[in-house]
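Work through the exercises below with the sequence and the 3D view open. Try each task before you read its solution.

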Amino acid sequence: MLPRFPVSLLRSRSLLRGSARRGLVTAMAGARGGGGGGGEDGQLGEFYEYMERLRNYERSGVPRGAGTDSDDGFDLGRMRRLLRRLGDPHTHFPAVHIAGTKGKGSTAAFLSNIMREQGYNVGCYTSPHLLTIRERISVGQSGGPVSAELLRDLFGHAKEAIGQSIESEDGALTHFEVFTALSYLLFSQENVDIAIVEAGLGGARDATNVIQSTELAASVITTVGKEHLAALGGSLQSIAVAKSGIIKQERPVIIGGPFSPDIEQILRDRAFLTQSPVISACDPGIRSITRCIGWDCGKPYQSCDIVIEISNDIPLFIELQDLKLQLLGDHQRQNAVTACCTALCLRELGWNISNTSIQAGLEKTQLPGRSQFLTKEETSVLGLDGTSSVLVDGAHTEASAKALSDVIKTVQPRGPLALVVGMANDKEHLAFAEQLLSGPRPDVVLLTEASIAGGRSRSMPASSLKEIWMAAAQSQGISCYSDIGTITGVEAPIIASRPTTSRSLSGDKPMLIGCCTPFSSDLIRVASRLLQTQEDGDTGLICVTGSLHMVSSVLGQLRQ
């Protein structure tokens, strides 16, 4: 039998009442609209200047071995010492800790919304962000970014203690460590009922992994893939070991998957050592299917059925019919199953969570930059004339490229297709290209460069990306027309009027491929104009992908 969650942390799990709840809602009111990087962030000048001085591995790249549980790994001791100066806020609330190569952000969003639907005061911590760092923290029932006022006041109260820690650690504290500590401090001050915490890198040595078994409600590991390979030990097996570090003594772990047998065994071996019950989101008792794609207000959703019937040590049961998920693709349906298993596990631990809240929370979840189709109004802001629709997706791994390709195939299997791609220099560029070329064949591919975490040092040169995509196309027998130079919005009509080379043996038009630097939303108009030369009556689709920083640039333009 699964032990009930510690009574000391299962304090009041009913709806918050009285002045504390009203104050929380007031504090979050400014975040309801999404809290873009505009006027509200103007209140955070001192905070941003302070954080800018800290070491930021998101910008510079993570050192080799930094995420491994070894001498090369990040020092969790300095994180604990910082939290001690702040009053150990991470010990004041129960938490669900989520790690995984892909899917952890979506799973965190699904689970947070389920708990909000039930009326809980939820803290959620995720990374990275798109438009403002405030997106990384949400608190209360709105789900929006923490207000600038609340973050400013929080930093003001904690600044002295943070400064003392930085001095005592000889300046070694990082941007991520300090911001993680601030999120824990905020969750404690706002008296959250539960915190949903996404690990940043790996698990074992991630700054979020200071949560002990006494505070941990459950841990979740969504997937294990080849991202941050050098930082996490160099192999899938070492990555699995690093992520398994969030599994804690006698606390349940939900594993998403699907995993290869050797990777799943690594996770189960860790759970065996810690005497942690394991719930698999790929259990034979789980059935899920997407029945159809529907459209609502110009945006697609997938209509799914999910049935969970597990009768092991932790019995779980739910049946969800005609579940309308706004997050698209089989991978997002699997993330929904993982979140659902986690919610059902929490219910077994004593949390009050209804089936109605589970379905409503899953259906209300949407994430900017994840298979996000822009509305007609948004595409018009970008200067499009309605001949093309726009999909933005932050895919940047081989697995996420396959998922994106499947979404394109499902939602728009026919019609002209353009890809606008920019990536960081530490990704699997060839595998990414091969996956996107193996699905619906693009007519146009524009390779570009975008700032990564505010700098260009980690951007992959567009010319190098072009060579990789040419090689990937050649390996799949796709003929290319690449003599279109460096593209700007002014040059697009001239390029579009140029004659293409002869058709390939299959009779298909050659794929247009070119470099476009630096990235701006103007390139979406370029792609649209190039698609108009394809002599196809169907509406074209332009997909901006390769990095969440690419997506951020597009959404930032819309925000302005």
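**Exercise 1: Salt bridges**

The structure holds 20 salt bridges; here a salt bridge is a side-chain nitrogen of Lys or Arg within 4 Å of a carboxyl oxygen of Asp or Glu. The model is predicted, so local features need pLDDT of at least 70 and side-chain atom pairs count only at pLDDT 80 or more, while totals for chains, interfaces and linings use all residues. Residues are numbered from 1 along each chain as its sequence is written, and side-chain values use heavy atoms, with hydrogens and water left out.

*Task.* Find the salt bridge partner of Glu46, and state which helices the pair ties together.

*Solution.*
- Step 1. The partner is Lys159, with the closest N and O atoms 2.5 Å apart.
- Step 2. Glu46 lies in helix H2 (residues 45–52) and Lys159 in helix H6 (residues 148–168), so the pair ties together parts 113 residues apart in sequence. Helices (H or I, at least four residues) and strands (E, at least two) are DSSP runs, numbered from the N terminus.
- Step 3. Now check accessibility. Buried means under 20% relative accessible area, exposed over 50%, and partly exposed in between (1.4 Å probe, protein chains only).
- Step 4. Glu46 is partly exposed at 47%. Lys159 is partly exposed at 31%.

**Exercise 2: Buried or partly exposed?**

*Task.* Glu227 and Lys427 meet in a salt bridge. Is Glu227 buried or exposed? Is Lys427 buried or exposed?

*Solution.*
- Step 1. The N to O distance for Glu227 and Lys427 is 3.0 Å.
- Step 2. Glu227 lies in the loop between strand E5 (216–221) and helix H8 (236–243). Lys427 lies in the loop between strand E13 (417–421) and helix H14 (429–438). The pair therefore ties together parts 200 residues apart in sequence.
- Step 3. Glu227 has a relative accessible area of 9%, so Glu227 is buried. Lys427 is at 14%, so Lys427 is buried.
- Step 4. Salt bridges can also share partners: Glu40, Asp41 and Arg134 are joined into one network this way.

**Exercise 3: The nonpolar core**

*Task.* Which helix gives the largest share of the largest nonpolar core?

*Solution.*
- Step 1. A nonpolar core is a set of buried Ala, Val, Leu, Ile, Met, Phe, Trp, Tyr and Cys residues joined through side-chain atoms within 4.5 Å.
- Step 2. The largest core has 46 residues. Those that touch the most other members include Val96, Ile308 and Ile358.
- Step 3. The largest share, nine residues, comes from helix H10 (residues 330–348).
- Step 4. A second, separate core of 43 residues includes Leu76 and Ala181.
- Step 5. Now take Ile358. Leaving out residues up to four places away in sequence, its contacts (heavy atoms within 4.5 Å) include Ile114, Leu320 and Arg347.

**Exercise 4: The sheet**

*Task.* Which strands are the edges of the seven-stranded open sheet?

*Solution.*
- Step 1. Two strands pair if DSSP finds at least two bridges between them.
- Step 2. The order is E11-E12-E17-E13-E14-E16-E15, with mixed pairing.
- Step 3. The edges are E11 (372–373) and E15 (480–481), and each pairs on one side only.
- Step 4. Look at E14 (residues 444–448) and E16 (residues 511–516). They run parallel, joined by five bridges. Leu447 stands opposite Cys515 in E16.

**Exercise 5: Disulfides**

*Task.* How many disulfides are there?

*Solution.*
- Step 1. A disulfide is a pair of cysteine sulfur atoms within 2.5 Å.
- Step 2. The closest cysteine sulfur to that of Cys516 is in Cys515, at 6.9 Å, too far for a bond.
- Step 3. The sulfur of Cys282 is 9.1 Å from its closest, in Cys341, again too far.
- Step 4. The count comes to zero.
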